[in-house]
Amino acid sequence: MAMEKKIVLTYEGMQRMEEELIQLKTVKRKVVAQKIKEARAQGDLSENAEYDAAKEEQGEIETRIVELEKMLRNAEVIDEDEINVDHVALGNKVRLYDEEFEEEVEYSIVGSTEANPVEGKISNESPVGKALIGAKVGDVVEAQTPGGIGRFKVLEISR
């Protein structure tokens, strides 16, 4: 059997996953079961769109529950007290100077399951995240971005 990939999470990321799992198991399952029950009460299931939609939703919920349980089982939480700020590592916040856009940007380096560029959370597996890992304050790193090669100067590393 293949080894399951370790999933690196911040404590906050793990809490969010656990909350979603509880929500799915306690609330969503009941809501969908009720929808299925109501659709069944309407009689003929062969042409019952509500029944089909509810069964599909039920399948999606069960798939997500299995997915979350598997991720949490393989989760490795970053100990925020052990995060080194001498160089960029998973769990760090990094303030950068983006040379192309001549502006400062700030990112949190997180595992791929928590990545959300809109919230400034980039994966350690993304091109920019990979380029930043191991960099020190003052270093300039280059990484492939959607707009070409980006150059970023590391201004500050924090927890």
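Just after helix 1, Gly43 adopts a positive phi of about 95°. This residue makes a convenient starting point for a look back along the helix that precedes it, bearing in mind that the model is a predicted one.

Helix 1 covers residues 11-41, 31 residues in total. From its first C-alpha to its last it reaches 44 Å, close to the 45 Å expected at 1.5 Å a residue. The helix is nevertheless kinked: a bend of about 40° is centred on Leu24. Leu24 is also among the buried residues of helix 1, together with Gly13, Met14, Met17, Leu21, Val32, Ile36 and Ala39. As general background to such a list, an α-helix has 3.6 residues a turn, so residues three or four places apart point the same way. The packing partners of the buried residues in helix 1 are strand 1 (7-9), helix 2 (49-73) and strand 2 (75-77).

Of these partners, helix 2 can be described further. Its axis and that of helix 1 come within 9 Å and cross at roughly 160°. Since angles over 145 degrees count as roughly antiparallel, helix 1 and helix 2 are therefore roughly antiparallel to each other. The crossing of helix 1 past helix 2 is left-handed.

Within helix 2 itself, Ala53 offers a closer view of a single position. Its relative accessibility is 44%, so Ala53 counts as partly exposed, the range for that class lying between 20% and 50%. Ala53 can also be placed relative to Val94, which is 41 residues away along the chain. The C-alpha atoms of Ala53 and Val94 are separated by 44 Å.

Key:
Residues numbered from 1 in each chain as written. Predicted model: local features only at pLDDT ≥ 70, side-chain atom pairs only at ≥ 80, totals over all residues. Heavy atoms only, no water. Helix = DSSP H or I, 4+ residues; strand = E, 2+ residues; numbered from the N terminus. Expected span 1.5 Å × (residues − 1). Bend = angle between axes of the 7 residues up to and from the residue. Buried < 20%, exposed > 50% of the residue type's maximum accessible area, 1.4 Å probe, protein only. Contact = heavy atoms within 4.5 Å. Axes fitted to C-alpha atoms, helices over the stretch in contact; angles between N-to-C directions. Parallel < 35°, antiparallel > 145°, perpendicular 65-115°, else oblique. Left-handed = near helix turned anticlockwise from the far one by under 90°.
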